[in-house]
Amino acid sequence: MMPPSRPLDFTFRDELLRDPENAAVYLAEFLEEGNMELFQEALRNVAKAQEGGVRAVAKQAEVSRENLYKALSKKGKPQMETITKMLSALGLRFKIEAVH
């Protein structure tokens, strides 16, 4: 059995993750794996990559900076509402589809 994948660490990651299309593909990969810790880490990477970092994302999402940092920490357990607000601030949203 292969170990779960880790978010990529490449030179232009931040530049790429500022683009909502790239961020969507990046986040979807980890969400589809079903490992919420990796998804949370990927979400943290996307937030950090934005102009102004996590602070700017928190402000735009109307979530306190402290709560967003806590939610995205390794021990954090973000609420669905926090994730949804954060995704919206990043120009993203969840999509539910049938499994065939």
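The accessible surface of the chain comes to about 7,400 Å². Carbon and sulfur atoms contribute 53% of that surface. The model is a predicted one. Of the 100 residues of the chain, 36% count as buried. The chain carries 15 positive and 15 negative charges. The mean positions of these two sets are 8 Å apart.

The secondary structure consists of six helices and zero strands. Along the sequence, the pattern reads α-α-α-α-α-α. The radius of gyration is 13 Å, close to the 13 Å that the globule rule gives for 100 residues, so the chain is as compact as a globular protein of that length. Along its principal axes, the C-alpha trace spans about 40 × 30 × 25 Å. Contacts were also sorted by sequence separation. Among those with a separation of 6 or more, 53% link residues 24 or more positions apart.

Helix H5 covers residues 65-72. Its buried residues are Leu68, Ala71 and Leu72. Seen down the axis of H5, these buried residues fall within an arc of 90°, so they line one face of the helix. The spacing fits a general rule: an α-helix has 3.6 residues a turn, so residues three or four places apart point the same way. The cover over the buried residues of H5 includes three helices: H3 (36-49), H4 (53-61) and H6 (80-89).

Gln40 offers a view of this packing from another helix. This residue lies in helix H3. Gln40 is buried, because its relative accessible area of 10% falls under the 20% cut-off. Neighbours within four places in sequence were set aside for its contacts. The remaining partners of Gln40 are Ala71, Leu72, Ser73, Gly76 and Pro78. Two of these partners, Ala71 and Leu72, are among the buried residues of H5.

Glu62 was examined for its backbone and its exposure. Glu62 lies in the loop between H4 and H5. Phi of Glu62 is near 60°, a positive value in a residue other than glycine. The relative accessible area of Glu62 is 70%, which is over the 50% cut-off, so the residue counts as exposed. Gln40 in H3, in contrast, is buried.

Terms used
Residues are numbered from 1 along each chain as its sequence is written. This is a predicted model: local features need pLDDT of at least 70, side-chain atom pairs count only at pLDDT 80 or more; totals for chains, interfaces and linings use all residues. Side-chain values use heavy atoms; hydrogens and water are left out. Helices (H or I, at least four residues) and strands (E, at least two) are DSSP runs, numbered from the N terminus. The radius of gyration is taken over C-alpha atoms; the globule rule is 2.2 Å times the number of residues to the power 0.38. Buried means under 20% relative accessible area, exposed over 50%, partly exposed in between (1.4 Å probe, protein chains only). Contact means heavy atoms within 4.5 Å. Accessible areas come from the Shrake-Rupley method with a 1.4 Å probe; for residues, only the protein chains shown count as cover. Lys and Arg count as positive and Asp and Glu as negative; His and the chain ends are not counted. The place of a charge is taken as NZ of Lys, CZ of Arg, CG of Asp or CD of Glu. The arc is that of the directions from the helix axis to the C-beta atoms.
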